[in-house]
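Hi,

Here is the structure I said I would pass on. Have a look at it first, and then read on for what turned up.

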Amino acid sequence: KAAPHLIAAGLRNLSLFSLEVAGTSFARAFELIEDYKLKVDPALLGDLFSGWFEVQQWRAEFRRIVTLFETHRKRLDTIKGHPTYPRILALAGIAYCQNKQFGPAEKLFDQAIAIGEKTGDRDAVTHGCLGLMGMHCTAPQRGCWETVRGLAARINALWGDDAQPYYRTYCDFYETWSHSIRGDIDQALEEGQSLYDFGKSLNYSGAVGYGAICLAFNEAYSENYDAAIDHASEGATAAGGKVDQMVSLGLKGLSMVLSGDTEGGAELLNAVYEDGIRLDYRGVANIVDGPIGLAKAMGGDLGGGVAWIRGAIERALDEGNSHGAAMSHISLGSIYLMLATGDEKPDLKTLAKNAMFLLREVPFAKSKALYHFDTAVEMGNEVGMIGVMAQALHGKGMTLKAKRKTGPARAALQDARQAVGQIRWSMMENRINADLAALG
């Protein structure tokens, strides 16, 4: 009798978001079932694993979910007819996705959708669709924007005006995320504000938190760093899950670095990184890896920062994060362009610290800047990240201007203007037009 009571207690505490207590209840119930070889009703077993996996997801314990799922897959398959089964599949799929195992993740999401289609279970279809939306945003490929939009339309068609706040929040968040990665920064800001306002109107912290994350990300891309810091702070406070908190704090740290508080931002970025390592959470690199290198470079350790960003590019590519890799190439291009033009003169301490790096790199800084901007353009074109292309082409144009190649510089800036014309990103559009006009 103890196991059913513990499972019920776990579900009750999960509904109250008492994750520590809920997790302890589920773990103890599982131990009793294992130790005494108890025969458990399939419905109860479904409640146990769906509840336990959800607790572990909120706590970013994704490897633990995968281990439990793989170890007990045969037992879980005995509850295929229970409504919690597709939810378990979707939660396991999210864990595989966070571990960068996208093939197994996609199969589980598709399986959840197939079950929902067969049984008429709207929740099963929705969980599978949301999982796929998150996967396509995490590892974007060509056509993923249309895929995400189609999945969102499917969820909206299933529920109409009856969608529960949880579903609407995640659906809107993933759509906004996809627009941000594509480069529709102004549109993503509007959508983030709408999601934030929706959360405030219902006093629903989940929507408030995700709306704040969207606002922070896109304000940072609009170079409104103070606003980004404020939104990121609110996102961290409202965050229900550990990953959401790390994303918020990572955005805050990056915005602090870019606003001039290099030391404070670097400290926060490194704290997030260490937290992710402690949790054995692979996805932490997608949040802070490139920004940590940028903080090092902007803090005066040019050689260390450049080396870190190069490593971040390799790690991002290994994990399917083409957007993170492309943005790190843009960071390196910008650093080399700064070295080539000498727009920011380093102090004597920085010169001494980076003497060998500067002697080795400065003579080739313009060529290296062009390499990194060109690589970012190629990556953006391959996936359809138009904002990446616009930003990198602008950097290329400014590098060519520094090389006194006015014609090629103008051509690159014209290509940048053509790219930015395909998206809504007013800050970048204004900058490209101003630099093109200044070129004459």
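Helix H22 gives the most to the lining of the largest cavity, with three residues. Before going further, please keep in mind that this is a predicted model, so treat everything below as computed from it.

Back to that cavity. Its volume comes to about 40 Å³, and the count of cavities of 30 Å³ or more is one. The residues lining the largest cavity are Ser180, Ile181, Gly183, Tyr221, His323, Met327, Gly387, Val388, Gln391 and Trp425. Three elements each give two or more residues to this lining: helix H10 (165–182), helix H18 (322–341) and helix H22 (386–402). By class, the lining splits into five nonpolar and five polar residues, with no charged ones.

One of the lining residues, Gln391, is worth clicking on. You will find Gln391 in helix H22. Setting aside neighbours within four places in sequence, Gln391 is in contact with Met327, Ile330, Trp425 and Met428. Two of those partners, Met327 and Trp425, also appear in the cavity lining. If you want a distance to check on screen, the C-alpha atoms of Gln391 and Gly380 are separated by 9.9 Å, and these two residues are eleven apart along the chain.

Next, the pockets. How much space lies in the second largest pocket? About 540 Å³. It is lined by 31 residues, and the closest to its centre are Leu14, Glu54, Trp58, Arg87 and Tyr166. Several helices give two or more residues each to this lining, namely H1 (2–15), H3 (42–58), H6 (84–98), H8 (122–138), H10 and H12. Helix H12 gives the most here, with five residues. Sorted by class, the pocket lining has 16 nonpolar, ten polar and five charged residues. Note that H10 turns up both here and in the lining of the largest cavity.

Now for how some of these helices pack, starting with H12. Helix H12 (residues 205–221) packs with helix H14 (residues 242–259) at an angle of about 25°, and their axes are 10 Å apart. Since angles under 35 degrees count as roughly parallel, that makes H12 roughly parallel to H14. Their crossing is left-handed. On the H12 side, the contact is made by Tyr210, Ile213, Ala216, Phe217 and Ala220, and on the H14 side by Asp244, Val247, Ser248, Leu251 and Ser255. Seven of the residues in this contact are nonpolar, two are polar and one is charged.

The other pair to look at is H7 with H8. Helix H7 (residues 102–119) and H8 pack at an angle of about 155°, with 7 Å between their axes. Angles over 145 degrees count as roughly antiparallel, so H7 is roughly antiparallel to H8. The crossing of H7 and H8 is left-handed. From H7, the residues that take part are Phe102, Glu106, Phe109, Asp110, Ala112, Ile113, Gly116 and Glu117. They meet Ala124, Val125, Gly128, Cys129, Gly131, Leu132, Met135 and Thr138 in H8. This contact has nine nonpolar, four polar and three charged residues.

If you only have a few minutes, start with Gln391 in H22, then turn to H12, which gives five residues to the lining of the second largest pocket and packs with H14.

Cheers

Terms used
Residues are numbered from 1 along each chain as its sequence is written. This is a predicted model: local features need pLDDT of at least 70, side-chain atom pairs count only at pLDDT 80 or more; totals for chains, interfaces and linings use all residues. Side-chain values use heavy atoms; hydrogens and water are left out. Axes are lines fitted to C-alpha atoms, for helices over the stretch in contact, and angles run from 0 to 180 degrees between N-to-C directions. Helices (H or I, at least four residues) and strands (E, at least two) are DSSP runs, numbered from the N terminus. Angles under 35 degrees count as roughly parallel, over 145 as roughly antiparallel, 65 to 115 as roughly perpendicular and the rest as oblique. A crossing is left-handed if the near helix is turned anticlockwise from the far one by less than a right angle, and right-handed if clockwise. Contact means heavy atoms within 4.5 Å. Ala, Val, Leu, Ile, Met, Phe, Trp, Tyr, Cys and Pro count as nonpolar, Asp, Glu, Lys and Arg as charged, and the others, Gly among them, as polar. On a 1 Å grid over the protein atoms alone, a cavity is a set of points where a 1.4 Å probe fits but cannot get out, and a pocket is an open set with protein on both sides within 12 Å along at least five of seven lines; lining residues have an atom within 4 Å of a point. Grid points are joined across faces, edges and corners, and a volume is the space filled by probe spheres set on the points.
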